[in-house]
Structure formats: C-alpha cells, structure tokens
Amino acid sequence: MNDIVVEDLSFAYEGTDRLILNGINMKINRGDFVCLLGQSGCGKSTFLRLLAGLEKATTGSIKMDGQEITGADLDRSVVFQDYGLFPWMTAGDNILLALRQRYPKRKKSELQKIALDVLQDVGLKPDVYKKYPKELSGGMQQRCAIARSFSIDPSVMLMDEPFGALDAVTRAKLQDMLLNLWSHEDQHKTVFFVTHDVEEALLLATRIFVFGQSPSKIIFEHSVKPEERPTRANLYTSEPVAKLREALIANINQDVMSHIE
Ligand SMILES: Nc1ncnc2c1ncn2[C@@H]1O[C@H](COP(=O)(O)OP(=O)(O)O)[C@@H](O)[C@H]1O
Ligand SMILES: [Mg+2]
C-alpha cells in the first residue's frame, strides 16, 4: 500500500503568485527512506513544510493513508539542521516536553525513562540528560534532536539537512546511527531526508528524488534496487552504486547548466 501520495502538487507562498513547486507527484511506501536532492532555493524545505502540514497545497494534494494532510501532527516529526533544541532547557527537558505533548496522561517518571532510553539509542550517555544544549557539541545536539523525534514514535520523520553543519566524521557516525534506528524492526519509519550531498543520498536512500529549479518539479527519480544499496565499505567500489552516482550527478549538473547563462 502507498502510505504517502503526492498528487499534482503545486505551491506558492500566501500573498505571492510565484510558484515554488509545480506538478509534483510521488508515491511513497511505509518504511521508505526518501532522499530529496536539489539546488538550494529549489523548494526542498518548502516541500517538507507541506508534508509536515505547516503549509497548505495551492493545488493538488498530499495524502497519508488516504487522508489529506491539513495540519501539523505529532505523527510527522521534523528535525532541522540547526537542531531546534530550546537553549534554556536541558537536553532531557527538551525531550520531556515533546513526550508530554505526545503522552499527556503518563507519569513523569515514565516519560523520564523513555527519554533516557532514547538518549541511549542515539549513543549518548545518561549524564547528557541534565546538560544544556550549549554544553554539548553540534553532533551531540543533533543526536538529542533525533532522540526527541524518535521518542514520540512518529510514523514519518521529516529531516531537513540534519547533518549539513557537522564535520565529516561526526556526520558519518550520525548517518550510521540513523540507518540503524530506521532499520530497527519494530520502528520501520518513513523518512524524508533533504540533503544536497549525493554521497549521503546514495548511502541512505531507498528512493531518491531530484528537484529541478523554479518552479520546482521532479527531474529525476529512482527506486534503489537491493544491489544498488551500498554499505559504507563499498560506497566507492560497488559498480551499481557508481552507475547510480553518475546518473544523479549528470541530472543535477544538467539542471545547474540550464540555469547558468
Ligand atoms: N515564507 C516564505 N515566503 C515567501 N517565499 C519563501 C518563503 N520561504 C521560502 N521562500 C522561497 O521559496 C523558495 C524555495 O525555498 P526553500 O524551500 O527554502 O528551498 P530549499 O530548501 O530547496 O533551499 C525560495 O525562492 C525562497 O526564497
Ligand atoms: Mg532548505
């Protein structure tokens, strides 16, 4: 069954007549890891905001399990590049706040236990619970933000260049952690992941979409076959991966060329 169906979606911000997205169609199955690539300004964040229910389609629709998305819902959780933790609250309290919204009737001690468990799931020690964001590195803050997102057990995770500000090693560790969490048997969540890094998309995605420029449509789409799915170890040696990389870069490059003149 198709879990998320985007049909003839177009979008202009309210009060403007410039279309940002035009004619977007997409069928996504539950459990897919969807990577969205495209030049900056092409509308990737806007598309995530539409999926989150923070903006409304100008024409067309986005449906989840057959129901049109009309507003924000804890079942679709968003992780941003800038971590989005409240600086005046400890990491633990940031997670508790989300848990309190999701489970208003549960005891605080129960929620604290969930918060500690998810911190462990993302590879953080329990003492992080009591630390403020400024006491944590960027990588640790992003782990906390991901922990918060997972803690409320959404069926869809919307991630907007979540690792864009991290150094290469931290980024690799977080990619592995995310893949690990995603492939967890009882938590096969649908992920929409925006990146402008082709290598990151190759490593993570089961589906890849490249958005073109103004107004944005999908200029390349690919369902990753099992033999094209790399491990970190064979990312640069596997032949099917190399072919897919070539196709991706060629399409992105063509789009770039058509907008330089
Ligand atoms: N709130 C807004 N009102 C009007 N235009 C916006 C708003 N937010 C973004 N835009 C415009 O929409 C276009 C797409 O932006 P965005 O979705 O952020 O692209 P991306 O994430 O791919 O870099 C840009 O031209 C941007 O200036
Ligand atoms: Mg963006």
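Which strand does threonine 190 lie in? We will get there in a moment, after a word on what is loaded in your viewer. This is a predicted model, where local features need pLDDT of at least 70, side-chain atom pairs count only at pLDDT 80 or more, and totals for chains, interfaces and linings use all residues. Residues are numbered from 1 along each chain as its sequence is written, chains are lettered from A and ligands numbered from 1 in the order in which they are written, and side-chain values use heavy atoms, without hydrogens and water.

**Stop 1: threonine 190**

Select threonine 190: its home is strand E8, residues 190-194 (strands are DSSP runs E of at least two residues, helices are runs of H or I of at least four, both numbered from the N terminus). Threonine 190 has a relative accessible area of 0%, so it counts as buried (buried is under 20%, exposed over 50%, partly exposed in between, with a 1.4 Å probe and protein chains only). Now show what surrounds threonine 190: beyond four places in sequence, its contacts include Asp3, Arg30, Ser155 and Met157 (contact means heavy atoms within 4.5 Å).

**Stop 2: arginine 102**

Next, pick arginine 102 in helix H2, which covers residues 91-102. Its relative accessibility is 25%, so arginine 102 counts as partly exposed. Leaving out neighbours within four places in sequence, arginine 102 is in contact with Leu74, Asp75, Ile152 and Asp153. Turn on distances: a polar side-chain atom of arginine 102 lies 2.9 Å from the backbone oxygen of isoleucine 152, and the arginine 102 side chain reaches the backbone oxygen of aspartate 153 at 3.3 Å.

**Stop 3: ligand 1**

Now select ligand 1 and the residues around it, among them Tyr13, Arg18, Gly43 and Lys44 (a residue is near if one of its heavy atoms lies within 4 Å). Which distances are worth displaying here? A polar side-chain atom of arginine 18 is 2.8 Å from an oxygen atom of ligand 1, while a polar backbone atom of glycine 43 is 3.0 Å from an oxygen atom of the ligand. Taken alone, ligand 1 exposes 560 Å², and the protein buries 60% of that (areas follow the Shrake-Rupley method with a 1.4 Å probe; for residues, only the protein chains shown count as cover).

**Last stop: the whole protein**

Finally, zoom out. The protein has 7 helices and 10 strands, and its C-alpha trace spans about 55 × 45 × 40 Å along the principal axes. Of its 261 residues, 50% count as buried.

Note on methods:
Polar contact = N/O pair within 3.5 Å; in protein donor to acceptor, adjacent residues only side chain to side chain.
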